Amino acid sequence: MRTVWSPESWREKLVLQQPVYPDSAQLSGVLKKLSQLPPLVTAWEVDRLRGQLAAAAAGRAFVLQGGDCSESFEDCNASTILRKLKVIIQMSLVLICGSRQRVVRIGRIAGQYAKPRSSDLERRGDVELPSYRGDIINRAGFSLEERRPDPEMMLRAYERSAMTLNFVRALSEGGFADLHHPENWDMEFVRNTPGSRRYQQLLESLSESIRFMEVVSPAGLNELSRVDFFTSHEALLLFYEQALTRPERHRGWYNLGAHMTWIGDRTRALEGAHVEYCRGIQNPIGLKVGNSMTPAELLELIRVLNPDNQPGRLTLIHRFGLDRIREKLPVLTAAVQSSGLNVLWSCDPMHGNTQTTRSGIKTRSFDDIVSEIVSAFQIHRESGTRLSGIHLELTGEDVTECTGGPGNLTETDLSRDYRSTVDPRLNYEQSMEIAFLLAEQMHF
Ligand code: PEP
Ligand code: CO
């Protein structure tokens, strides 16, 4: 039996992956301020996303969730945000045209600032310091001062989330996101590659269809001048999440810091604080499912997180890695399938495929990512379940963090423009290539 939920009932549970703030009075002061600031999203938007996710789980849409592993304060600028939005919208166009399905776009954006770490401490030579946990907690530089957790960073993260979301909303409401203006949609960096030519053809046939539809049904196309774009992040730093949790009359508690939040693979313990927090909010929830998950544990987590078996409420984001997916996924799909529980299945082909090069750089191979995606589609087809979403770490920039792909990046190329302070992301061209591959897979 679970006890009564409240926005702070997580504090009674086992709390993993939290910083220890040295000054508790300063922490309380920050949380008080945060809880008085306006929400970033509304409960209506959150409910709308839940409805769209229910449609996706039922086979009527596909979910494209993506963005940085960890947003950085420095990257809160116009061009980075614009490129991130642009690549996700462009990928969604490829998916829509290729698969003839609606696409639900969700960014890992406007709040993805906290990172779980495998170790509390980081050692370099003789020096040992607290690990970097994301810009909402401390800084990446390797000094005691930079690694000290500072509660004020929660306010800075809230402000940057608000600025990011403000710009994303403005861009997606019109002008930039208007499909009547395909000139906004050409591929930067990569012109005259097979991928960009394929994309250009797609854009031309899309423009033609739009012109045709406007002649036939001029009133029906208002929707084409804007796009829906939702935000998400890992609900990791529970002090922050609690402060953004607000009551809605007759509808319960919502986390109004993002449309969707997810529980990470390291914090998904049944009796842990993160599951406790997430079970009580009305938002759609994601649950990362990694190699240590057993069928019994998964069924129990689903029941705790979605006791009313509400469609669209729970997205299972599996992240096994190419080597393990065949062994791990079928037993879980079978268990969920036979229990009649409503979930949306999504594949994160990034986190199980991380490798470290001989020179110590974290990377992922494009081919491994692609192979895990292909396996995931295949296994779901064999299981009678449906892969309804993809969860990617990507950027709209021309970075060199993952090897392979259309630009054939090698390990030696990685040092050219490696920017991530945490996990390696797909670059612009690699992301677009994945979109074409997904569209193909969705056809089967
Ligand atoms: C992440 O999504 O950045 C992450 C840390 O994933 P996971 O919890 O699946 O390891
Ligand atoms: Co990551």
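A polar contact here is a pair of N or O atoms within 3.5 Å; within protein, one must be able to donate a hydrogen and the other to accept it, and residues adjacent in sequence count only if both atoms are side-chain atoms. The model is predicted, with local features needing pLDDT of at least 70 and side-chain atom pairs pLDDT 80 or more, while totals for chains, interfaces and linings use all residues. Residues count from 1 along each chain as written, chains are lettered from A and ligands numbered from 1 in written order, and side-chain values use heavy atoms, leaving out hydrogens and water.

**Exercise 1.** Find the side chains that hold polar contacts to oxygen atoms of ligand 1.

*Solution.* Start with Glu393: one of its polar side-chain atoms is 3.0 Å from a ligand 1 oxygen. Next, try Lys115, whose side chain puts an N or O atom 2.7 Å from an oxygen of ligand 1. Then check Arg319, also with a 2.7 Å pair.

**Exercise 2.** Work out which protein atoms bind the cobalt ion, ligand 2.

*Solution.* Look for donors (N, O and S atoms within 2.8 Å of the metal, or 3.2 Å for Na, K and Ca; water isn't among the atoms, so sites may look incomplete). You'll get Cys69 (SG), His351 (NE2), Glu393 (OE) and Asp423 (OD), at 2.1 to 2.4 Å. Now read off their spacing: C-x281-H-x41-E-x29-D.
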